[in-house]
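Here are some questions a bench biochemist might put to a model of this kind. Each answer sets a value against the rule behind the word.

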Amino acid sequence: MSTKVRVGGERVRAFLLNAISRGLPDVVAKTSEKFEISRQAVHAHIKRLEEAEAINVRRNGRRLSYSLRSEQAFASTYDLSMNLDEGDVWERDIRPLLENLPGNVLNIWHHGFTEMFNNAMDHSQGTIITVRVQKSAAKTQIVIEDDGVGIFHKIQQELKLVDPRLAIFELSKGKLTTDPSRHSGEGIFFTSRMMEHFSIRSKQLEFEHDHTEPLDILNDHVGQKIKGTQVVMELRNHTSRTTKKVFDKFTTDKEEYAFDKTIVPMRLAVLGTDQLVSRSQAKRTLARVEKFKFVVLDFKGVNEIGQAFADEIFRVYEKSHPDIIIAPMNESKAVAAMIKRARNSDSV
């Protein structure tokens, strides 16, 4: 029994920290059951976390309650009229707050912070960037906010989209940039997949990606209106994910290491009560997919599609782009039938 505690100590304490951060009840019982150790052993781990000042233990008679201690809080505002460099800001201000984290986690934060700070510098057209870091024993959150024009508005203007919500649909595909000479358009896509929770808010729209939900989410009319752009990134301090694992998920050839695979959440192409029925909607769906070799169209949340929409993608486009694989997934019976009909059609 004691060997298990020694061998799995870090895993046990990571589980405890995650459970406490989520406010789960009966954390002692749940930990004891998961790791097949005694309650006494769990309390020993809790005592170690308390002594390390990672958690607070409140005692009310024999009843105990737990909460995380905030280890570090940081906030700073940067003047965009100065000659800023995201690497310098990372090394001087952010890395020292995080350098006790495991190497894989630090690498993710290095990638995510520098990409998002650079985006704000180069694209926001604002005057300041504000950075806030909140680090507990279980997880870290970094917020980067600017006072610029707003990311969704800018994408809408650059791509001539009829609705700013379609900017979120374009972001979800990846390889989207309004300055291709300086940016690959991969920063937001990969950073959102590396974090456990990632969101971008501007005005009253929000682009959100959560590790528990494979598809991106569009939220309309969220709470406080953000003037410019606010990026929120969250990651557990002890996670097995790595930058390489995320990059590998979106390449068809691990040797080439190219970003040539994407998953498109089709429900983001649906505005309000509209349905996907027209060829113009299909063409919007297919915008920029020629940048990829393998394109997954995820129809989760889409119950029906029209004949013209299906024909444009699954007959016209597939025949004219034989080197690009279009793979539907999570189709309803009605959607699957319409795709099959389009692929089997010989009509012109």
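Q: In this predicted model, what is Thr191 in contact with, leaving aside its neighbours within four places in sequence?
A: Thr191 is in contact with His111, Gly112, Glu115, Met116, Phe198 and Met233. Contact here requires heavy atoms within 4.5 Å.

Q: Why is Thr191 called buried?
A: Its relative accessible area is 0%. The word applies under 20%. Therefore Thr191 counts as buried.

Q: Where is Thr191 placed, and how many residues of that helix are buried?
A: Thr191 sits in helix H9. This helix spans residues 187–194, and eight of its eight residues are buried. They are Gly187, Ile188, Phe189, Phe190, Thr191, Ser192, Arg193 and Met194. H9 is thus described as mostly covered.

Q: What makes S3 and S4 a pair?
A: Pairing needs at least two bridges. Strand S3 (residues 70–79) and strand S4 (residues 128–136) are joined by nine. The two strands pair, and they run antiparallel. One of the bridges links Ala75 to Arg132 in S4.

Q: How do you know that S4 pairs with S5?
A: Seven bridges join S4 to strand S5 (residues 139–146). The requirement is at least two. S4 and S5 are therefore paired, in the antiparallel sense. Arg132 has Val143 as its bridge partner in S5. S4 and S5 form a hairpin, with two residues between them.

Q: Which strands are the edge strands of the open three-stranded sheet, and why?
A: The order is S10-S11-S12, with parallel pairing. Strand S10 (261–265) and strand S12 (325–329) are the edges: each pairs on one side only. From one strand to the next, the twist averages 20 degrees.

Q: What makes S10 and S11 a parallel pair?
A: S10 and strand S11 (residues 294–298) share five bridges, in the parallel sense. The threshold is at least two. Ile263 stands opposite Val296 in S11.

Q: At what angle does H12 run to S12?
A: Helix H12 (residues 307–320) runs at about 165 degrees to S12. The scale goes from 0 to 180 degrees between N-to-C directions. H12 lies across both S11 and S12.

Q: What makes a set of residues a nonpolar core, and how many residues has the largest?
A: Members must be buried nonpolar residues, joined through side-chain atoms within 4.5 Å. The largest such set has 71 residues. Trp109, Val131, Ile142 and Phe299 have the most contacts inside it. Helix H6 (residues 103–123) gives the most to this core, with eight residues. Apart from this core lies another, of 19 residues, among them Ile20, Val27, Ile37 and Ala137.

Q: What is Trp109 in contact with, beyond neighbours within four places in sequence?
A: The contacts of Trp109 include Trp90, Leu98, Leu101, Thr114, Ile142 and Met233. Others are Thr140, Met195, Glu234 and Leu235.

Q: Why is the space lined by Ala14 and Leu17 called a cavity?
A: The word means that a 1.4 Å probe fits but cannot get out. A search of the whole structure finds one cavity of 30 Å³ or more. The largest cavity holds about 40 Å³ of space. Its lining residues are Ala14, Leu17, Asn18, Ala137, Ala138, Arg236 and His238. Helix H2 (residues 9–21) gives the most to that lining, with three residues.

Technical notes:
Residues are numbered from 1 along each chain as its sequence is written. This is a predicted model: local features need pLDDT of at least 70, side-chain atom pairs count only at pLDDT 80 or more; totals for chains, interfaces and linings use all residues. Side-chain values use heavy atoms; hydrogens and water are left out. Helices (H or I, at least four residues) and strands (E, at least two) are DSSP runs, numbered from the N terminus. Buried means under 20% relative accessible area, exposed over 50%, partly exposed in between (1.4 Å probe, protein chains only). On a 1 Å grid over the protein atoms alone, a cavity is a set of points where a 1.4 Å probe fits but cannot get out, and a pocket is an open set with protein on both sides within 12 Å along at least five of seven lines; lining residues have an atom within 4 Å of a point. Grid points are joined across faces, edges and corners, and a volume is the space filled by probe spheres set on the points.
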